[in-house]
Amino acid sequence: MKSPSPLILLFSSAHAFRPPNHHDNILPSTRRHPSPTPPRTSSPPPRRTRPLRSYYIDTSESTPREFSAMISWCESYGVQRNSLEFASTSNLDGGHPGIQSQDMTAYASQDLPAGTPVLFVPRSLFLSSHDIKHREFGADSLLDAEEYLTKLREPLSLFYLYVKLLYEYSLGEQSPYFDYLNSLPRRYDTGTSMTPTCYDCLPPLAGTYAKKERVRYINYRTVAQTVGWLDGAVKEDRDVSKWVFNVVSTRNWEVQDGSGERLIVPMADMPKPINITQFNHHYDPEIAISYDEEGNCIAYTIKDVSAGSPLRISYGFDTNPSALFAKYGFIDTSAPATFWKYMDIIPSTELCSIGLSYSRMLFYPSGDISPEIFDVLQYLILGEKRGRQEQKVFYDACLNGDQETKMAYLNQYYYEIYGRIKKHVDNFLGDLQELEGKAIRVDKETHPRIGMIREHNDFVRGIFLRVKENVDAVMAQVA
């Protein structure tokens with residue numbers, strides 16, 4: 001995808017950035033030292049005594065973020081902004097200003113018409129899974145780890161980024177990426193950071209998503225032990241490895257060219273949890289990301305934006321806020337819909353063709369129900385009561401857009417379809433009530449994500465209650 005034209009942000013050769021894996025010092029500060037080239041084999045470098053903790057980035061959740069230093073670091077090496085500013089959310093909300101706040105947001109400093117570039121990040125500043133594998137660590141340096149992860153069916157591209165950031169963390173202030181890493185959120189409310197008790201307080205689908213994130217983190221941390229040249233104290237530190245995994249998981253995106261390459265793009269990267277930075281999420285965003293012919297990243301407005309308005313991108317999952325919560329650690333209350341949470345339908349090719357998916361079987365905040373729910377239930381009922389022939393007639397009508405045939409069946413089984421929806425909604429609301437009973441007894445100190453889990457469940461409950469109100473009204477009329 002090409003960047004909008006004309007491009008008003010120009011890459012200045014005076015600020016040309018040389019990638020951090022080069023041998024020379026790229027930063028102007030005298031406290032920095034050249035970054036040693038990562039080994040190209042699994043042979044560990046000479047052991048060194050680990051310095052005091054202050055030498056490293058403090059990953060404790062209460063640690064303030066050094067966001068201003070990251071902005072200066074980026075702009076020293078070619079990152080350019082146009083009417084794009086950052087502020088703590090407390091500042092925007094009228095609270096105490098503070099650039100070190102955990103919660104940051106991007107906003108427009110002046111009116112911006114659609115198509116205006118607001119951010120330029122040179123390709124040389126990217127963290128690329130492809131470059132890490134083939135240019136930095138060497139193609140053969142992670143063979144054992146790759147073998148294990150392939151057996152576990154875990155993505156290698158994310159692991160390359162994970163190992164890269166563990167390595168940069170181990171360098172402390174010597175890392176060229178120190179200012180960037182020190183600007184990142186410390187707290188994440190993702191599935192990775194939850195406990196087994198937390199999972200027990202989530203509905204089945206959300207719990208499945210959250211556990212999947214945790215399992216991937218455990219797999220990566222376990223396999224990283226086979227990487228002999230990584231600092232042993234760092235890779236064995238569970239708090240550090242979890243923080244690094246959360247950084248990688250929430251801030252990368254996949255290049256949409258079929259290569260599987262994943263990128264982290266400083267300042268344009270995707271921040272998540274309650275500790276939001278840069279371009280926040282919204283299902284109806286103001287900003288899109290593109291690339292020019294040289295691979296540089298361009299963020300530009302896709303609608304007119306007034307001064308002081310937020311600048312946001314979409315992280316996806318627009319109709320699946322539970323998946324968004326598990327991966328990124330926040331609840332998207334702006335989501336236009338949510339999956340209806342029914343998990344007991346065995347998928348088939350025909351069912352998937354007429355709408356059986358997380359993105360189509362939807363309940364809306366208004367209490368409305370997506371047509372695909374009616375179609376899938378009608379298909380199942382016909383299979384149970386009328387046999388395969390009638391089921392196939394209805395299936396063909398769905399594919400061919402034959403509304404007359406579809407409505408004839410739907411009108412015939414109108415009451416039964418609504419009855420099944422009502423039964424599911426009532427049962428799910430009962431399950432949520434039981435989960436709330438568990439959650440209120442959980443110790444918040446031991447399981448600090450329980451508050452966010454209750455917020456997630458309350459959000460889902462609100463949508464289901466509105467659906468219930470509409471369904472009950474229909475059932476009353478039919479009765």
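**Helix packing, nonpolar cores and polar contacts in a predicted model**

The buried residues of helix 16 are covered by elements that include helix 7 (196–200), strand 13 (362–363), helix 13 (371–385), helix 15 (403–412) and helix 17 (450–478). Contact here denotes heavy atoms within 4.5 Å. Buried residues have under 20% relative accessible area, exposed residues over 50%, and partly exposed residues lie in between (1.4 Å probe, protein chains only). Helices (H or I, at least four residues) and strands (E, at least two) are DSSP runs numbered from the N terminus. The model is predicted, and local features require pLDDT of at least 70, side-chain atom pairs count only at pLDDT 80 or more, and totals for chains, interfaces and linings use all residues. Residues are numbered from 1 along each chain as its sequence is written, and side-chain values use heavy atoms, with hydrogens and water left out.

Helix 16 comprises 26 residues (residues 414–439), for which a rise of 1.5 Å a residue predicts a span of 38 Å; its end C-alpha atoms are 37 Å apart, in agreement with that value. The expected span is taken as 1.5 Å times one less than the number of residues. The buried positions of helix 16 include Ile417, Tyr418, Ile421, Phe428 and Leu429, and also His424, Glu436 and Gly437.

The protein as a whole contains 17 helices and 13 strands. Of its 479 residues, 54% count as buried. Among contacts with a separation of 6 or more, 74% are between residues 24 or more positions apart. The accessible surface comes to about 21,200 Å², of which 51% belongs to carbon and sulfur atoms; areas were computed by the Shrake-Rupley method with a 1.4 Å probe, and for residues only the protein chains shown count as cover.

In soluble globular proteins, nonpolar side chains tend to be buried together. The largest nonpolar core contains 74 residues, of which Leu119, Val121, Phe159, Tyr162, Tyr180 and Trp243 touch the most other members. Helix 5 supplies the largest share of this core, with 10 residues. A second, separate core of 56 residues includes Ile331, Leu429, Ile463 and Val471. A nonpolar core is a set of buried Ala, Val, Leu, Ile, Met, Phe, Trp, Tyr and Cys residues joined through side-chain atoms within 4.5 Å. Leu429 of this second core is also one of the buried residues of helix 16.

Trp243, named above for the largest core, is among the buried residues of helix 10, together with Val240, Phe245, Val247 and Val248. Because 11 of the 14 residues of helix 10 are buried, this helix is largely enclosed by the rest of the structure. Its span also agrees with expectation: the 14 residues (residues 238–251) should cover 20 Å at 1.5 Å a residue, and the end C-alpha atoms are 20 Å apart. The N-terminal end of helix 10 is capped by Asp237, a side-chain oxygen of which lies 3.1 Å from the backbone nitrogen of Asp239. Such a polar contact is a pair of N or O atoms within 3.5 Å; within protein, one must be able to donate a hydrogen and the other to accept it, and residues adjacent in sequence count only if both atoms are side-chain atoms.

A further polar contact involves Arg65, found in the segment before helix 1 (67–76). Arg65 is buried, at 0% relative accessibility. A polar atom of its side chain lies 2.6 Å from the backbone oxygen of Ser183.

The whole structure contains 30 salt bridges, each defined as a side-chain nitrogen of Lys or Arg within 4 Å of a carboxyl oxygen of Asp or Glu. Glu75 and Arg81 form one such bridge, with the closest N and O atoms 2.5 Å apart; Glu75 is partly exposed at 28% relative accessibility, and Arg81 is partly exposed at 26%. Asp131 pairs with Arg123 (3.7 Å, N to O); Asp131 is buried at 15%, whereas Arg123 is partly exposed at 24%. In helix 4, Glu147 and Lys151 are four residues apart and are therefore separated by about one helical turn, and their side chains meet in a salt bridge (3.6 Å, N to O). Glu147 is partly exposed at 45%, and Lys151 is exposed at 61%. A network of salt bridges links Glu61, Arg187, Asp189 and Arg449.

Two residues with positive phi complete the description. Arg153, which is not a glycine, has a phi of about 60° and is placed in the loop between helix 4 (143–152) and helix 5 (156–170). Met267 likewise has a positive phi, near 75°, and lies in the loop between strand 7 (262–264) and strand 8 (280–281). Arg153 is exposed at 76% relative accessible area, whereas Met267 is buried at 0%.
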